[in-house]
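Here are three short exercises to work through with the structure open beside you. Try each task before reading its solution.

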Amino acid sequence: MRSQSFLDGDFSVKSSLGNTDSAWFFRKQTFITTHSMPLSVLATAHALTVEAPAKEIQVARGNNVTLGCNFKTDAAVDSADIVVWSKINTAVDVVTRYFDGLVQYGNGYENRIQFSGDLNKGDISITINAVTMEDNGTYVCSVRLRQDPPRQAATVALLVLVAPSKPECKILGTAEYGQTINLTCISHEGSPKPKYTWQSFNVQNEPRVLQTTQGEQITLKNISADTSGFYICTSTNSVGKEFCNMTVTVLPPSMNIALYAGIIGGAVAAIIVIGIIVYFCCCREEKNKDYEMTEREDRNEPSTEQPTRNQRAEDEVENE
């Protein structure tokens with residue numbers, strides 16, 4: 001006769017058996033008995049379920065949107081049980097509602113958000129009014145019931161749609177022979193994030209192939225006169241599109257120097273010409289003034305010339 005003991009959790013079975021087969025039978029029975037009870041307890045504890053009908057919702061900026069969420073439970077609901085809507089990566093909850101009717105709003109959500117479902121039927125959906133770009137993100141609706149722990153949750157992603165703004169285009173670098181320049185294009189607004197495509201036309205307005213046609217920036221290496229032309233960037237998302245265009249003119253380095261020298265030389269020549277004109281005008285005006293003064297003096301002064309011989313003879317005859 002042998003005495004054996006089998007332990008499993010809080011259960012203990014002792015037996016005095018005369019053969020090995022009987023002992024194995026009791027071991028098997030003990031294992032089944034001690035593990036069947038916790039499984040049933042777990043099934044009861046996880047009866048609460050929370051679901052979001054849509055995993056992602058899209059809405060145009062400025063419109064109202066409803067984030068759907070529902071819960072089911074077999075347990076009795078207590079007035080202290082709560083529903084919480086939160087937003088991932090934010091420190092403050094969006095809105096909290098107790099089953100007794102008390103509602104607490106997060107910062108910036110009061111008067112913008114309300115529960116739009118029937119809580120008694122398990123509908124804990126919320127509606128956000130006049131959505132903005134700041135409302136983009138992933139939201140979590142969670143339910144905590146005292147009689148049906150633990151807390152359960154579901155997530156729903158909100159994507160606020162905004163058409164791309166008119167992109168800003170720039171030429172980075174010096175457009176001279178042999179240089180490398182970058183053409184950039186970016187829309188400061190757009191949801192979902194815009195994608196950028198490029199087109200190019202030569203100076204005869206004929207389309208041509210670019211090595212790179214995608215992205216916010218394209219690079220043009222070892223540029224020449226053939227690089228000159230028109231470049232168009234289009235910013236596109238699911239809501240709309242916008243574009244910008246730019247003109248690239250590639251010049252030899254010497255042309256820039258000659259251009260600056262020509263401008264400076266032209267300015268100097270113009271100053272010299274103006275100075276000469278002013279000088280001659282002033283001199284002419286001075287000469288005119290001197291001539292006028294001389295004439296006036298000649299008219300006003302008596303004659304100092306000596307009388308000729310004929311004039312003296314004529315005067316003597318008259319005196320006789």
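**Exercise 1: a sheet and its edges**

Task: In this predicted model, find the order of the strands in the open sheet that 3 strands form, and work out which strands stand at its edges.

Solution: Start with the order, which reads β14-β15-β18, with antiparallel pairing. Next, look for strands with a single partner: β14 (168–172) and β18 (217–220) each have just one, so one side of each is left without a neighbour in the sheet. From one strand to the next, the twist averages 15°. Now zoom in on one pair: β14 joins β15 (residues 181–186) in the antiparallel sense over 5 bridges. As a landmark, Lys170 stands opposite Thr184 in β15.

**Exercise 2: the largest nonpolar core**

Task: Find which residues touch the most other members of the largest nonpolar core.

Solution: This core has 31 residues, and the ones to pick out are Leu67, Trp85, Tyr139 and Leu158. Then ask where the core residues come from. Strands that each supply at least two of them include β5 (65–67), β7 (82–87), β12 (137–144) and β13 (152–161). Of these, β13 gives the most, with 4 residues.

**Exercise 3: a nonpolar patch on the surface**

Task: Decide whether Ile264 counts as buried or exposed, and name the patch residues around it.

Solution: First, locate Ile264 in helix α2 (residues 253–300). Its relative accessibility is 55%, and exposed means over 50%, so Ile264 counts as exposed. Finally, collect the patch: Ile264 forms it with Val268, Ile272, Ile276, Tyr279 and Phe280, and together they have about 640 Å² of accessible area.

Technical notes: Residues are numbered from 1 along each chain as its sequence is written. This is a predicted model: local features need pLDDT of at least 70, side-chain atom pairs count only at pLDDT 80 or more; totals for chains, interfaces and linings use all residues. Side-chain values use heavy atoms; hydrogens and water are left out. Two strands pair if DSSP finds at least two bridges between them. Helices (H or I, at least four residues) and strands (E, at least two) are DSSP runs, numbered from the N terminus. Axes are lines fitted to C-alpha atoms, for helices over the stretch in contact, and angles run from 0 to 180 degrees between N-to-C directions. Patches are made of residues with over 30% relative accessible area and no salt bridge: like charges are joined within 9 Å, nonpolar side chains (Val, Leu, Ile, Met, Phe, Trp, Tyr) within 5 Å. Accessible areas come from the Shrake-Rupley method with a 1.4 Å probe; for residues, only the protein chains shown count as cover. A salt bridge is a side-chain nitrogen of Lys or Arg within 4 Å of a carboxyl oxygen of Asp or Glu. Buried means under 20% relative accessible area, exposed over 50%, partly exposed in between (1.4 Å probe, protein chains only). A nonpolar core is a set of buried Ala, Val, Leu, Ile, Met, Phe, Trp, Tyr and Cys residues joined through side-chain atoms within 4.5 Å.
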